[in-house]
Amino acid sequence: MIMADEDSPAATKELQDEVAAMGLEPKPKDEIDGQTEVASGPSKSAKKKAKKKAAAARKGDGTENGETDGLEAAGITGGVNDSPDETGAEPGDSNGSASKKKKSKGKKKKVQTDPPTIPVAELLPGGSAPEGEWQSYKDDQRWRETSEEKRAQARLQDQMINEVRQAAEVHRQVRTYMRSIIKPGIDLTYMCETLEDTVRNLIQAKGLEAGIAFPTGCSLNHVAAHWTPNAGDKTVLQYDDVMKLDFGTQINGHIVDCAFTVAFNPKYNPLLDAVKAATNTGIQHAGVDARLGDIGAAVQEVMESYEVELHGKTHQVKCVRNLNGHSISAYQIHGGKSVPIVKGGEQGVRMEEGEFFAIETFGSTGKGYVHEDLECSHYMKNFGVGHVPLRLPKAKQLLGVIDRNFGTLAFCKRYLDRLGESKYQMALKSLCDNGVVTSYPPLCDQRGSYVAQFEHTIYLHPHKKEVLSRGDDY
């Protein structure tokens with residue numbers, strides 16, 4: 001744009017005529033001639049008029065600054081707002097409104113990293129954890145879904161259920177990550193410690209308030225349950241292994257108990273399919289007022305309808321008849337009720353509203369019966385045990401460590417090692433001998449057989465049941 005020379009009388013006259021045409025009062029000539037710069041701007045009314053005239057000019061001929069430059073030359077500034085707008089955009093910036101919209105949306109939603117490092121609580125919008133899978137009760141209990149009373153009772157449990165759902169979400173994220181790194185050749189001690197450290201991080205472990213519910217089980221092949229490596233164990237996962245990965249999470253004692261089986265060789269797929277189908281059958285038959293024995297009969301019928309061919313021999317998949325699902329109570333993994341996986345057991349016992357259950361099934365190519373074997377790694381303080389006089393000072397000290405860190409939750413020797421405990425074998429044996437702590441050795445079928453496991457935690461709401469640990473994987 002070409003600017004008029006301010007020292008030229010003609011230019012000054014031209015500008016003054018322009019201002020007069022806009023209805024503004026120019027400053028006297030002696031006030032302008034004696035100054036190199038105008039000391040003060042126009043009155044408020046002059047600014048408003050100038051702004052209106054400039055707006056009308058823009059609409060009329062499409063120019064942005066035609067009148068503004070003339071006003072500035074006449075010593076009248078501020079007629080058009082030339083400061084950044086409230087979005088921080090400069091005048092004429094077409095992105096100003098878009099920037100404002102972006103700001104109004106707030107902070108960008110956090111997403112989990114890979115590997116997962118962000119605590120799950122920080123990823124939950126409004127603190128609400130994702131719900132599990134909802135299932136209706138059987139026909140004679142279907143009325144609960146439309147009962148306002150039952151639905152109101154369910155809402156009273158929102159805070160507690162949200163904590164369990166958060167623990168379940170931690171379980172889902174951890175197992176998703178673990179599936180990505182578990183390959184043939186992985187050291188099982190490294191695998192367990194990686195899994196457990198990830199749980200502690202995502203759940204924001206804090207003593208008994210939140211953390212790991214029990215040791216990571218990674219039982220192989222004929223070993224069905226309760227095996228985790230002790231210090232110095234060098235076991236490595238092989239391509240032909242069948243591994244049951246069983247781990248738990250807890251918040252304020254509300255436990256999520258969930259397990260799945262890892263097998264790389266596709267020849268084991270029928271075995272895994274049988275156990276997965278049997279577990280889902282158990283979940284479908286579970287519910288308020290369901291008889292535990294009926295659930296076992298339904299599970300067995302499905303499980304034993306499968307066959308698997310291994311080494312040229314066809315095996316009927318058998319239920320491991322002396323392993324069961326179980327109810328879960330606060331800080332108590334086995335809450336008192338057993339859910340059989342064969343017919344004939346627990347006929348008089350029923351499920352009740354407000355109970356948590358771990359529905360788990362085990363299928364085997366062996367005898368379908370397990371016994372204790374191998375070196376023990378799992379221990380748990382007995383629930384409700386009173387004061388027991390202990391003679392060994394080391395046993396008293398170790399009991400204090402157990403009470404502070406695990407309470408009545410299960411633990412293993414690796415956890416004691418991690419806390420810096422040493423030379424505790426005699427003290428631990430003393431606690432077991434005195435009935436304060438119970439040992440849980442590995443449970444094994446016959447050697448050469450293969451056992452698979454799938455497990456979910458469910459909750460019996462007043463109106464429906466929820467499979468809390470359900471995920472996209474199983």
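Start by selecting lysine 423, which sits in the loop between helix H12 (413–418) and helix H13. You are looking at a predicted model, and this loop is a good place to enter it. Is lysine 423 buried or exposed? Lysine 423 is exposed, because its relative accessible area is 80% and anything over 50% counts as exposed. Check the backbone here too: phi of lysine 423 is near 50 degrees, a positive value in a residue other than glycine.

**Stop 1: along H13**

Now move on to helix H13 itself and colour residues 425–433. Which residues of H13 are buried? Pick out Ala427, Leu428, Ser430 and Leu431, since these are the buried ones to look at. Turn the view until you look down the axis of H13: the buried residues fall within an arc of 155 degrees, so they line one face of the helix. A general rule helps here: an α-helix has 3.6 residues a turn, so residues three or four places apart point the same way. Next, select Met426 and Asp433, which are exposed on the other side of H13.

What do the buried residues of H13 pack against? Show strand E13 (378–381), helix H11, strand E14 (411–412) and strand E15 (437–440), and you will have these partners on screen. Just after H13, stop at glycine 435, where phi takes a positive value of about 75 degrees.

**Stop 2: where two helices cross**

Keep H13 in view and add helix H11 (residues 393–405). The two helices pack with their axes 8 Å apart, at an angle of about 80 degrees. That angle makes H11 roughly perpendicular to H13. To see the contact, select Lys394, Ala395, Leu398, Leu399 and Ile402 on the H11 side, then Ala427, Leu428, Ser430 and Leu431 on the H13 side. By type, the residues of this contact are seven nonpolar, one polar and one charged.

**Stop 3: a histidine in a strand**

Jump to histidine 315, in strand E7 (residues 313–316). Buried or exposed, what would you call histidine 315? Its relative accessible area is 17%, so histidine 315 is buried, the cut-off being under 20%. Leaving aside neighbours within four places in sequence, show what histidine 315 touches: Tyr306, Glu307, Val308, Leu310 and Thr365.

**Stop 4: helix H8 and the loop after it**

Select tyrosine 190 in helix H8 (residues 188–202). Tyrosine 190 counts as partly exposed, at 48% relative accessibility. Add proline 229 and compare two distances: the pair is 39 residues apart in sequence, and 9.7 Å apart in space from C-alpha to C-alpha.

From H8, follow the chain to glutamine 204, in the loop between H8 and strand E2 (210–220). Here phi is near 55 degrees, another positive value in a residue other than glycine. Glutamine 204 is partly exposed, with 41% relative accessibility.

**Stop 5: a cis peptide bond**

Go to proline 115, in the loop between helix H5 (96–104) and strand E1 (133–135). Look at the bond joining aspartate 114 and proline 115: this peptide bond is cis, with omega about 0 degrees.

**Last view: the whole chain**

Zoom out and show everything. The protein chain holds 13 helices and 18 strands. Buried residues make up 47% of its 474 residues. Of the contacts between residues at least 6 apart in sequence, 75% join residues at least 24 apart. Finally, switch on the surface: the accessible area comes to about 24,100 Å², with 49% of it belonging to carbon and sulfur atoms.

Note on methods: Residues are numbered from 1 along each chain as its sequence is written. This is a predicted model: local features need pLDDT of at least 70, side-chain atom pairs count only at pLDDT 80 or more; totals for chains, interfaces and linings use all residues. Side-chain values use heavy atoms; hydrogens and water are left out. Helices (H or I, at least four residues) and strands (E, at least two) are DSSP runs, numbered from the N terminus. Buried means under 20% relative accessible area, exposed over 50%, partly exposed in between (1.4 Å probe, protein chains only). Contact means heavy atoms within 4.5 Å. Accessible areas come from the Shrake-Rupley method with a 1.4 Å probe; for residues, only the protein chains shown count as cover. Axes are lines fitted to C-alpha atoms, for helices over the stretch in contact, and angles run from 0 to 180 degrees between N-to-C directions. Angles under 35 degrees count as roughly parallel, over 145 as roughly antiparallel, 65 to 115 as roughly perpendicular and the rest as oblique. Ala, Val, Leu, Ile, Met, Phe, Trp, Tyr, Cys and Pro count as nonpolar, Asp, Glu, Lys and Arg as charged, and the others, Gly among them, as polar. The arc is that of the directions from the helix axis to the C-beta atoms.
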